[in-house]
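Colleague: I am new to this structure and should like to understand the reasoning behind its description. May I put some questions to you?

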Amino acid sequence: MDTSTQAVVVKSNSVVNRSSKRTVLNNLSAYGFMTPWLLGMLLLTAGSMLFTLYLTFTNYDLLSRPQFIGFANFAQIFKDQNFWTSIRVTFLYVVLSVPARLIASLLVATLVSKQVRGIAVYRALIYLPSLIGGSVGASIGWRELFDQNGPIDSFLKLFGIHGPVWLGSPATSMVVLVLLSVWQFGSEMVIFLAGIKQIPGYLYESATIDGASSFQRYVRITLPMLSPLIFFNLLMGTISSFMVFTQVLVITDGGPMNSTLLYVLYLYQQAFQFFHMGYAAALSIILLILIALCSGFIFLTSRFWVNYDV
């Protein structure tokens with residue numbers, strides 16, 4: 001090997017070494033930035049989940065040391081009548097609130113996608129309830145709104161209508177909670193609105209030339225193009241509906257006659273009112289399994305109705 005070749009080889013090795021050092025430094029920098037998230041994930045999420053899993057096999061009341069009891073908590077759960085009531089009530093709430101919220105958000109997104117004067121103000125006002133979300137203040141306001149002799153009853157009496165005892169009847173208390181959920185559809189509406197804006201205009205122009213009506217264009221073009229967003233909102237809405245807590249605690253506290261005893265509220269009662277922490281931990285594991293099963297079912301059905309073609 002002559003001198004010039006050796007120089008080229010040495011230079012090449014030097015470039016490779018500098019590149020390797022730069023790669024290592026970049027990787028170390030990335031891991032450094034990820035460290036806070038990794039620590040939070042390990043300590044606050046993974047650690048909490050493992051501790052919860054351990055509590056499911058114990059009898060623990062927060063005041064004494066956990067006592068290992070095996071699968072007794074799970075065996076007790078399936079004999080618990082309130083557990084089955086909470087399952088039934090929660091599924092009823094999910095089945096009623098999720099589709100209603102999707103339909104409302106989709107229809108309103110279609111309306112506010114039109115370019116009319118002051119449309120930005122209308123969009124902001126419609127989105128406003130989502131900012132309040134499931135806060136305690138919003139829940140108290142909703143409870144007062146539907147209370148006996150409240151604003152809703154007073155409005156109905158103007159037309160000679162005597163409204164039901166909204167929060168005192170098992171037949172209407174769930175309706176109040178579902179209406180509160182639908183009222184907060186702003187986030188889904190914004191997602192649908194962004195999706196509608198992305199639909200190519202030539203699709204509508206071609207359909208119009210072929211003689212398609214407005215309804216046919218909406219069903220044949222808009223809905224298929226929005227199906228990925230419908231899938232996303234359906235999945236997120238289902239998961240969040242299983243975990244509703246603040247609204248039902250403030251408005252009905254599970255009553256009347258356990259007609260609004262949603263699952264998370266029952267879990268809270270077992271954990272922090274009766275101090276059955278091991279039992280509540282077992283309930284939380286079952287909730288996790290229920291959400292996973294429902295999410296998996298939605299994913300399985302998505303292949304039949306979600307369109308990813310542009």
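Colleague: What makes up residues 230-251, helix or strand, and how far apart are the end C-alpha atoms?

Modeller: In this predicted model, residues 230-251 are 86% helix and 0% strand. The end C-alpha atoms of that span lie 29 Å apart. The unreviewed UniProt entry lists residues 230-251 under the annotation "transmembrane region". Residues 163-183 are also covered by that annotation; there the chain is 67% helix and 0% strand, with end C-alpha atoms 20 Å apart.

Colleague: How do you know that helix α10 falls short of the span of a straight helix?

Modeller: Helix α10, residues 214-242, has 29 residues. The expected span is 1.5 Å times one less than the number of residues, and for α10 a straight helix would reach 42 Å. The end C-alpha atoms of α10 are only 36 Å apart, so by that definition α10 is short of the expected span.

Colleague: Where in α10 does a kink lie?

Modeller: The kink is at serine 227, shortly before proline 228, and amounts to about 55 degrees.

Colleague: Why is α4 called oblique to α8?

Modeller: The axes of α4 (residues 119-132) and α8 (residues 186-198) cross at roughly 140 degrees and come within 7 Å. Angles over 145 degrees count as roughly antiparallel and 65 to 115 as roughly perpendicular. The crossing angle of roughly 140 degrees fits neither class, and therefore α4 is oblique to α8.

Colleague: Which residues of α4 meet α8?

Modeller: Arg123, Ile126, Tyr127 and Ser130 of α4 do so. Their partners in α8 include Met189, Val190, Leu193 and Lys197. By class, this contact of α4 with α8 has five nonpolar, three polar and two charged residues.

Colleague: What makes the phi of leucine 62 worth a remark?

Modeller: Phi of leucine 62 is near 75 degrees, a positive value in a residue other than glycine. Leucine 62 belongs to the loop between β1 and β2.

Colleague: Is the peptide bond from glycine 255 to proline 256 cis or trans, and what is omega?

Modeller: That bond is cis, with omega near -10 degrees. Proline 256 lies in the loop between α11 and α12.

How values were computed
Residues numbered from 1 in each chain as written. Predicted model: local features only at pLDDT ≥ 70, side-chain atom pairs only at ≥ 80, totals over all residues. Heavy atoms only, no water. Axes fitted to C-alpha atoms, helices over the stretch in contact; angles between N-to-C directions. Helix = DSSP H or I, 4+ residues; strand = E, 2+ residues; numbered from the N terminus. Parallel < 35°, antiparallel > 145°, perpendicular 65-115°, else oblique. Contact = heavy atoms within 4.5 Å. Nonpolar A, V, L, I, M, F, W, Y, C, P; charged D, E, K, R; others polar. Bend = angle between axes of the 7 residues up to and from the residue. UniProt positions renumbered as here; feature names shortened; annotations may be inferred.
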